[in-house]
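Okay, thanks for coming, everyone. I've got one structure to walk through today, so let me put it up on the screen.

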Amino acid sequence: MKTEISIKPTVFMIFGGTGDLAARKLIPALYNLYLDKFMPSQFAIIGLGRTEYTLESYRKEMLEGVTEFSRSGKPDTKTWKAFAENIRFLNADLEQEKTYQNLSQIIDKCDDEWTEPANVVHYLAVAPRFFPIIAENLAKVKLTQDKCRCRIVIEKPFGHDLESAKALNILLRGIFDESQIYRIDHYLGKETVQNMMAFRFANALFEPVWNRNFIEHVQISVSEKIGVGDRGGYYDHSGALRDMVQNHLLQLVCLVAMESPVSFGADEVRNRRVDVLKAIRPFNAQELNQNIVRGQYNGGWVEGEEVNGYREEKGVNPQSNTETFAALKFFVDNWRWQNVPFYVRTGKRMHQQSSIISIQFKDVPHKIFPDDAAEIWQQNRLIISIQPEMSIRLQVQAKRPGVNMVLNPVDMVFDYQGTYTHDGPEAYETLLLDVLQGDQTLFMRADQVEVAWELLMPVIEFWEKKTSLNFPNYSADSWGPELAEALIAKDGFHWYSLPVSKKPKS
């Protein structure tokens with residue numbers, strides 16, 4: 001791990017600095033970068049929010065967030081004090097130009113005191129309705145003009161549909177250059193997701209078989225045990241398709257299906273991801289009935305605790321038509337993947353918390369072993385686990401020890417925890433470091449966002465026009481609606497889930 005990097009002095013603005021994201025993710029990530037000597041020697045973190053804080057109380061609130069949520073645990077008093085001296089707080093109304101004039105003065109003061117002019121990062125950890133307000137006000141006080149120094153980071157959701165995403169892109173690109181805009185998807189910062197590129201393109205073993213000639217199908221599952229919690233009001237206007245499929249799952253599809261980039265340059269990698277989205281077969285009327293499934297969870301019991309159904313959650317319409325589960329079957333129409341099905345699913349209140357990619361290879365062309373030798377025969381499968389464990393496992397057939405020829409599946413496993421002694425960075429640490437360094441490789445470009453929305457709009461419109469008559473249609477702590485099993489079973493496959501980890505004997 002390198003211990004010295006060269007980053008220019010930076011002013012890091014957090015719009016929404018008193019919110020949950022700042023305390024749980026952003027400040028802990030910046031603190032860990034500081035511990036690992038990945039922060040510039042001169043920096044300032046400016047939290048902006050409407051909550052009344054003194055500087056001391058704000059720093060204390062951020063310390064509590066780092067203590068609870070940082071992978072490094074409770075901060076050392078001396079180290080935290082040195083870090084916290086760079087944290088400032090500005091009580092601010094984001095709709096008032098005066099706020100942005102104050103920011104301009106802070107930046108000017110830093111430029112005067114520091115050894116060179118500062119880079120400025122504007123991180124929008126706020127509700128989407130504030131995105132245009134903040135961008136336009138930054139432009140008014142001329143805080144957006146320097147393409148080399150100024151960057152803006154946009155959290156999801158990036159638009160509510162294709163039309164709103166295009167409108168937001170037009171507004172932002174009228175103020176900023178595309179090189180200044182960082183549309184963040186924290187999934188792309190996860191260590192195992194990044195390792196997909198290394199796994200595919202740094203090894204001669206896999207790329208020759210990474211195509212329709214050898215791969216039978218691909219599954220991508222992101223399941224959550226939790227319900228919507230206190231996000232019911234937001235989620236009821238979003239749903240699983242907008243909240244997860246349009247961004248996280250399609251990003252994973254792109255990483256699995258993309259062609260090899262010519263180089264590791266940001267635009268070259270992003271071009272290849274966009275190529276995948278453009279190649280996905282559009283949904284027609286027949287496929288909308290055959291290749292998509294939606295669901296909504298009912299009440300039930302999870303780990304001995306009774307939980308509400310979705311329609312009983314706070315902020316949710318009691319007759320809500322919003323899906324909390326979605327499963328879709330895609331085809332990527334190009335030479336590499338023609339007629340190879342990609343199955344994706346995501347849902348809340350499911351049996352297991354996990355994010356996995358399963359790549360199943362075609363069966364051997366001729367089986368030489370008798371049936372009794374291979375009674376539990378299983379096709380080769382590559383499993384990439386993003387969470388809860390971080391691992392890559394290749395499932396192969398091997399001979400069981402003994403005098404007889406008996407085959408059974410075994411796993412060849414690359415396990416992060418067993419291979420490395422130190423904790424890897426959290427996703428936000430990786431992505432914030434890239435922002436500080438000006439590297440856009442792991443961030444979405446305008447065209448990628450719009451193509452993803454364009455692909456899913458027929459599904460969104462179909463579901464909004466057609467009220468589901470069987471909601472809720474799956475129980476809490478299940479694997480989703482029965483139709484999701486039928487979606488993949490009719491092709492002769494079944495959904496893969498991680499095996500339950502065995503607890504060590506006491």
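Before the helices, one convention: when the angle between two axes is over 145 degrees, we call the pair roughly antiparallel. And keep in mind that this is a predicted model.

So, how do helix 6 and helix 14 run relative to each other, roughly parallel or roughly antiparallel? Helix 6 is residues 162–175, helix 14 is residues 446–465, and their axes cross at roughly 170°. That angle is over the cut-off, so the two helices are roughly antiparallel. The axes come within 9 Å, and the crossing is left-handed. As for who touches whom, helix 6 brings Leu162, Ala165, Lys166, Asn169 and Arg173, and they meet Ala446, Val449, Glu450, Trp453, Glu454 and Met457 from helix 14. By type, that contact has 6 nonpolar residues, 4 charged and 1 polar.

Okay, on to a couple of loops. Lysine 225 sits between strand 7 (215–223) and helix 8 (232–235). Is that lysine buried or exposed? Its relative accessibility is 18%, and buried means under 20%, so lysine 225 counts as buried. A polar atom of its side chain lies 3.1 Å from the backbone oxygen of histidine 351. Beyond its sequence neighbours within four places, lysine 225 has contacts that include Glu303, Arg349 and Asp477.

The other loop runs between strand 11 (325–331) and strand 12 (341–347), and valine 340 is in it. Valine 340 is buried too, at 2% relative accessible area. Its C-alpha is 5.5 Å from that of histidine 217, although 123 residues separate them along the chain. Histidine 217 is also one of the contacts of valine 340, with Arg212, Ile215 and Phe330 among the others.

Definitions and conventions: Residues numbered from 1 in each chain as written. Predicted model: local features only at pLDDT ≥ 70, side-chain atom pairs only at ≥ 80, totals over all residues. Heavy atoms only, no water. Helix = DSSP H or I, 4+ residues; strand = E, 2+ residues; numbered from the N terminus. Buried < 20%, exposed > 50% of the residue type's maximum accessible area, 1.4 Å probe, protein only. Polar contact = N/O pair within 3.5 Å; in protein donor to acceptor, adjacent residues only side chain to side chain. Contact = heavy atoms within 4.5 Å. Axes fitted to C-alpha atoms, helices over the stretch in contact; angles between N-to-C directions. Parallel < 35°, antiparallel > 145°, perpendicular 65-115°, else oblique. Left-handed = near helix turned anticlockwise from the far one by under 90°. Nonpolar A, V, L, I, M, F, W, Y, C, P; charged D, E, K, R; others polar.
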